[in-house]
Amino acid sequence: MFSQTVFKIVHGTICSYAAFSKLDVRVDMKIPGSTTAYTVNARGERGVVTDELWAEIRLCSLARWLNPPPPVRCLRVLEPEYTPVEEQNILLPISIDYFPKGNVLGMKDDPTTPADFGNNAFSVFMRDYFYNTCRFEQSLMFFGQFLDLDPSISAVVADCYNRLGDHMTALHLLEKAYAMRRDCLSVVLGLSRVMRDISEFPRALQYAREANRIAHTNADAWLNLSECYLELENYDAALTTL
């Protein structure tokens, strides 16, 4: 029936979501003809695409490629073997500019826990970006430049040191941050994990319980608490917390 039908594309719209600005960036194409770029907010209002917004779109698009969303039939995700030209040279400079805005993205997989710079979705993405290729020194360099931004960043930097086997430096950073902000989930969880790594299991449990009180609905806090009970061979408590 359709064997003799010829389809011709004369118009199309490309969309990309700017997660930090919470804007949909769209480019209307007419073939032949021209392109028109504009933004659309949650109220359906149009706006202008600035140079800064183009940079944000580039960052968000690259982040989605590196950490693709769950399969959705209407989304086309590039194959894993595809590598954008100069991926790292694109990602890192833009990420430095947008890192201070990371809390607007909230907590990864946990909307009930207030985000901080140690656990927001963008921090987790950048941490995994380095960790998945075992680039712990590069992770130290990236996150270390933001230590003065918020005590919670100490948790990420300390985790890098911990993975490199420098537990004492990690512990020093976390204790300093804890003295500044005792209600920070990232820092308290970090202290618990370092204590486990240096076999200080009772103190690890103390911090694990404190983390659970800070964020009672947080899955990481419950999992860490259960692991502390396992280290102490309190299997009943470990199973109960899970």
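**Exercise 1.** Which residues does Ser-154 touch, not counting residues up to four places away in sequence? Place Ser-154 in the fold and classify it as buried or exposed.

Solution. The model is predicted, so local features need pLDDT of at least 70, side-chain atom pairs count only at pLDDT 80 or more, and totals for chains, interfaces and linings use all residues. Residues are numbered from 1 along each chain as its sequence is written, and side-chain values use heavy atoms, with hydrogens and water left out.

- Step 1. With contact defined as heavy atoms within 4.5 Å, Ser-154 touches Leu-147, Leu-173, Leu-174 and Ala-177 beyond four places in sequence.
- Step 2. Ser-154 belongs to helix H5; helices (H or I, at least four residues) and strands (E, at least two) are DSSP runs, numbered from the N terminus.
- Step 3. Buried means under 20% relative accessible area, exposed over 50%, partly exposed in between (1.4 Å probe, protein chains only). Ser-154 has a relative accessible area of 7%, so Ser-154 is buried.

**Exercise 2.** Describe Val-10 by location, accessibility and contacts.

Solution.
- Step 1. Val-10 sits in the segment before strand S1 (11-18).
- Step 2. Its relative accessibility is 47%, so Val-10 counts as partly exposed.
- Step 3. Leaving aside neighbours within four places in sequence, the contacts of Val-10 are Met-29, Lys-30 and Ile-31.
- Step 4. Asp-24 is 14 residues from Val-10 in sequence, and their C-alpha atoms are 22 Å apart in space.

**Exercise 3.** Examine the backbone at Pro-32, Ser-199 and Glu-233.

Solution.
- Step 1. Recall that most residues other than glycine have a negative phi, and most peptide bonds are trans.
- Step 2. The bond from Ile-31 to Pro-32 is cis, with omega near -10°. Pro-32 lies in the loop between strand S2 (23-30) and strand S3 (35-40).
- Step 3. Ser-199, in the loop between H7 and helix H8 (201-214), has a positive phi near 65°. With a relative accessible area of 48%, Ser-199 is partly exposed.
- Step 4. Glu-233 has a positive phi of about 60° and is found in the loop between H9 and helix H10 (235-241). Its relative accessible area is 58%, so Glu-233 is exposed.

**Exercise 4.** Characterise the largest pocket.

Solution.
- Step 1. On a 1 Å grid over the protein atoms alone, a pocket is an open set of points where a 1.4 Å probe fits, with protein on both sides within 12 Å along at least five of seven lines; lining residues have an atom within 4 Å of a point.
- Step 2. The volume, the space filled by probe spheres set on the points, which are joined across faces, edges and corners, is about 620 Å³ for the largest pocket.
- Step 3. Its lining has 26 residues, with Gly-118, Arg-127, Leu-189, Arg-193 and Asp-220 nearest the centre. Helices H3 (121-131), H5 (153-163), H7 (185-197) and H9 (219-231) each give two or more residues, and H7 supplies the largest share, seven.

**Exercise 5.** Where do Arg residues lie over the face of a Tyr ring?

Solution.
- Step 1. The rule requires NZ of Lys or CZ of Arg within 6 Å of the ring centre and within 35 degrees of the ring normal.
- Step 2. Arg-46 lies over Tyr-38, at 3.8 Å from the ring centre.
- Step 3. Arg-135 lies over Tyr-129, at 4.7 Å from the ring centre.
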